[in-house]
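Biologist: Could you take me through one part of this protein closely, the interior and how the helices sit around it? I would also like to hear where I should be careful in reading the model.

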Amino acid sequence: VKLASLICQHRALLILDGLEPLQHPPGPMSGILRDKGLASLISQLAVNNQGLLLISSRQAVTELENKDEPQVIQHPLAPLSAQEGIALFRDQGIIGTDEELAATVEAYGGHALSLRLLATYLRKYEKKEIRRQDGLRSLIDRKEKLATNRHAFGVMAAYERQLTNTEELHLLYSLGLFDRPVSRKTLAYLRQAGIEQLDGVRPGLLGKLRTIFQGPGKGQPTCLPGDTEFDATCEQLRSLGLLNKEDPAHPHTLDCHPLVRQYFGQRLQQRYPSSWQQAHARLYQYFKDLPSKEQPDTVAEMEPLFAAIRHGCAANLHQKALDEVYWPRIKRENEHYLTKKLGAFAADLACITHFFAAPWQTPASGLTDTDKALVLNGAATRLRALGRLHEATEPMAAGLKLRVEQGGWKGAALDASNLSEL
């Protein structure tokens, strides 16, 4: 509030470039800002601002979607035109006629990421010839609903084949475990923890790959600056466009495009399901033990616990994550600390999301019936508090039905009262 007030006193230009790391990833919370203060700042500047706030993001900013103020202008970037796509290919030295290049741009829907990855792929592996794109895996059999995802995933499948059994592919799989930028320290822990279980006759993926993060010591994984082999792996992925350039503000953090993370995460889960689950279980333990306080006092201090819940639920440890982290350390049981004391309804809803198999309808099967009713009611009241009234109706009604079936009449009465008010 103070910062917004100071900015509004001047004709200032504020640029928030690349906002998506501060937003929730695609899903039920897609585009919602993680930080309550930043959301408040943006909302206030949308109403009262002598200057200009310029935001760039790969996702829509949910807090601004329903703003009817004339000064709030959203400008979605259009797909590349045929001319722009041809220029991209020519810049990469791709060989082919303008007609062939234009046809490729049209086939890929002008999707910038897909075309950039394709150009790099052809330059690296196919002698820069546009006609050799026919060697890429067919896009027709991919099940992604969005054409943009389907095209990008098709190119990534080609990269996956080319990088088979390389450190580069193993690192991409590891990044697929996360929904945000990841620190080298976290990756180092993951390698040091190792994965015991095997996937069929193959070694567990992450156990097999520990060597690429080992420093000059006696097999001690470090994954920190100075690890020549690891740095070379990162640079190779950056040259292919699969890993973002190093951020000077966060030099020990790795990040990639959300679609890259999504594709290789899905492939890791499909090819190495037991390693996928064990890796998330290890990360659950890591983030659970990370805070110095058993009950952190601020939303920022709780970030590791939020990550622990995500990884715990990805490892099918829903009940454990609820009993060990969410209820005693984030909610502080009936104190409901996160919402009643911090007012962080969006952060709480993001936590609750992970306890659903299908938000906001079906709680995870691993939860007790009592806790299924709890997460249904929790999701409903958080959605209501955030003004998402239509979405709140379904879990609230489902929670009421479950309470009645359980004979929990006090809880059912509260749920019925909440539903009638909604």
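Modeller: Happy to; I will begin with confidence, go on to one helix and the cores, and end at the surface.

Please keep in mind that this is a predicted model. The chain averages a pLDDT of 85, and 88% of the residues score at least 70. Confidence is highest in helix α15 (residues 318-330), at a mean of 97, and lowest in helix α10 (residues 205-208), at 48. Two stretches call for care: over residues 196-204 the pLDDT is below 50, although this stretch has 18 contacts in the model beyond near neighbours in sequence. Residues 206-225 also have a pLDDT below 50, with 46 such contacts. Where pLDDT is low, the predicted coordinates should not be read in detail.

Now to the helix I would look at closely, α17. Because 8 of the 9 residues of helix α17 (residues 345-353) are buried, this helix is largely enclosed by the rest of the structure. The buried residues are Ala346, Ala347, Asp348, Leu349, Ala350, Cys351, Ile352 and Thr353, so you will find Asp348 and Thr353 listed there beside residues such as Leu349 and Ile352. What surrounds them? The buried residues of α17 pack against the helices α14 (299-314), α15, α16 (337-341) and α18 (369-385), and against strand β5 (356-358).

A lysine is also worth a look. Lys288 lies in helix α13 (residues 273-289). With a relative accessibility of 15%, Lys288 counts as buried, because the cut-off is under 20%. Setting aside neighbours within four places in sequence, Lys288 is in contact with Leu305, Ala308, Glu324, Val325 and Arg329.

Next, the nonpolar interior. The largest nonpolar core has 87 residues, and those with the most contacts inside it are Phe89, Met156, Leu242, Leu254, Ile330 and Phe355. Take Met156 as an example: leaving out residues up to four places away in sequence, Met156 touches Leu113, Leu117, Leu259, Val260, Tyr263 and Phe264. A second core of 15 residues is separate and includes Ala4, Leu41, Leu64 and Val72.

Finally, let us step out to the surface. Leu13, Ile15, Leu52 and Leu54 make a nonpolar surface patch of about 410 Å². Strands β1 (13-17) and β2 (52-56) each supply at least two residues of this patch. Ile15 sits in strand β1, and its 49% relative accessibility is why Ile15 counts as partly exposed.

Terms used:
Residues are numbered from 1 along each chain as its sequence is written. This is a predicted model: local features need pLDDT of at least 70, side-chain atom pairs count only at pLDDT 80 or more; totals for chains, interfaces and linings use all residues. Side-chain values use heavy atoms; hydrogens and water are left out. Patches are made of residues with over 30% relative accessible area and no salt bridge: like charges are joined within 9 Å, nonpolar side chains (Val, Leu, Ile, Met, Phe, Trp, Tyr) within 5 Å. Accessible areas come from the Shrake-Rupley method with a 1.4 Å probe; for residues, only the protein chains shown count as cover. A salt bridge is a side-chain nitrogen of Lys or Arg within 4 Å of a carboxyl oxygen of Asp or Glu. Helices (H or I, at least four residues) and strands (E, at least two) are DSSP runs, numbered from the N terminus. Buried means under 20% relative accessible area, exposed over 50%, partly exposed in between (1.4 Å probe, protein chains only). pLDDT is the predictor's confidence in each residue, from 0 to 100. Contact means heavy atoms within 4.5 Å. A nonpolar core is a set of buried Ala, Val, Leu, Ile, Met, Phe, Trp, Tyr and Cys residues joined through side-chain atoms within 4.5 Å.
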